[in-house]
Amino acid sequence: MAASLSIPLSTRFSPAKHHRFNALEFRSPLRVSCSASRDGPELEGKLPQLKQLKNVACGILAVWAVTTASPVIAANQRLPPLSTDPKRCELAFVGNTIGQANGVYDKAIDLRFCDFTNEKANLKGKSLAAALMSEAKFDGADMTEVVMSKAYAAGASFKGTDFSNAVLDRVNFEKANLQGALFINTVLSGSTFNDAQLDGAVFEDTIIGYIDLQKLCRNTSINEEGRDVLGCR
């Protein structure tokens, strides 16, 4: 019985500093392949045990391959198809019952292209962990105390949205419209705002890590008052 890990590798060599060594760079997906062979009749009586050992070995190798796979591959995965549930937008008013800050959810919430403009009552305090929110509209909505951990809100519109006391950690706000949004006592740790519109956004007592703050401060759409409050240099 043999369990093997097959790793096809493409390499690129580049001279290291002072040309003393060559740096070897590996770029390739991992592939696990397992095989079993019999070397004579004396092993026939042990096939069940060998099969079990093979399965265990393959399982270990597969777990190792998944946990060491390039994060770039995962980041480039496409979003799932748009939900065909005719009431998918209404799921925002229910939210996840187990979501919270770890981003785990009991059911997927697909809010892409939904319109919650000026929604003042039904979104407050809801858990929308890992929700798909791209291209949705939340302009003027009351989203105080909302939990949006790991939500995908790229290209969504939150003009004038109230995020006071909300947990917005690890949210992707790339190219989102957040003009005039209120981030008062809001957790923003790990969230990204690449090319987001933040004109007139209010930041007061926000909770954000130093590195995340430096990235946020690179957004030139934040006005001088907002930059002063955030402590951008």
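R88 and D110 join their side chains in a salt bridge, with 3.9 Å from N to O. Please keep in mind that this is a predicted model. The pair ties together distant parts of the chain: R88 and D110 are 22 residues apart, and each sits in the loop between α2 (71-75) and β5 (182-184). As for the chemistry behind such contacts, side chains of opposite charge can pair when their charged atoms come close.

Are these two partners buried or exposed? R88 is buried, because its relative accessibility is 11%, and a residue counts as buried under 20%. D110 is buried as well, because its relative accessible area is 6%.

D110 has a further partner to show you. It also forms a salt bridge with R112, where the closest N and O atoms are 2.7 Å apart. R112 has a relative accessible area of 7%, so this residue is buried too. Taken together, R88, D110 and R112 are linked in a network of salt bridges.

How many salt bridges does a search of the whole structure find? The search turns up three. Besides the contacts of D110 with R88 and with R112, there is a bridge between the side chains of D169 and R170, at 2.5 Å from N to O. Here the two partners can be described in turn: D169 is buried, because its relative accessible area is 8%, whereas R170 is partly exposed, because its value is 36%.

Here are the salt bridges side by side:

| Salt bridge | N to O distance |
|---|---|
| R88 and D110 | 3.9 Å |
| D110 and R112 | 2.7 Å |
| D169 and R170 | 2.5 Å |

Now let us turn to the surface. Which residues gather there in a patch of negative charge? They are E204, D205, E224, E225 and D228. Helix α4, which covers residues 224-230, supplies the largest share of this negative patch, with three residues.

E224 is a good residue to look at in the structure above. It lies in helix α4 and belongs to the negative patch. E224 counts as exposed because its relative accessibility is 58%, and the cut-off for exposed is over 50%. By contrast, D110, with its 6% relative accessible area, is buried and takes part in the salt-bridge network with R88 and R112.

Key:
Residues numbered from 1 in each chain as written. Predicted model: local features only at pLDDT ≥ 70, side-chain atom pairs only at ≥ 80, totals over all residues. Heavy atoms only, no water. Patch = residues over 30% accessible without salt bridge, like charges linked within 9 Å, V, L, I, M, F, W, Y side chains within 5 Å. Areas by Shrake-Rupley, 256 points an atom, 1.4 Å probe, with all protein chains shown as cover. Salt bridge = Lys/Arg side-chain N within 4 Å of Asp/Glu carboxyl O. Lys, Arg positive; Asp, Glu negative; His and termini not counted. Charge placed at Lys NZ, Arg CZ, Asp CG, Glu CD. Helix = DSSP H or I, 4+ residues; strand = E, 2+ residues; numbered from the N terminus. Buried < 20%, exposed > 50% of the residue type's maximum accessible area, 1.4 Å probe, protein only.
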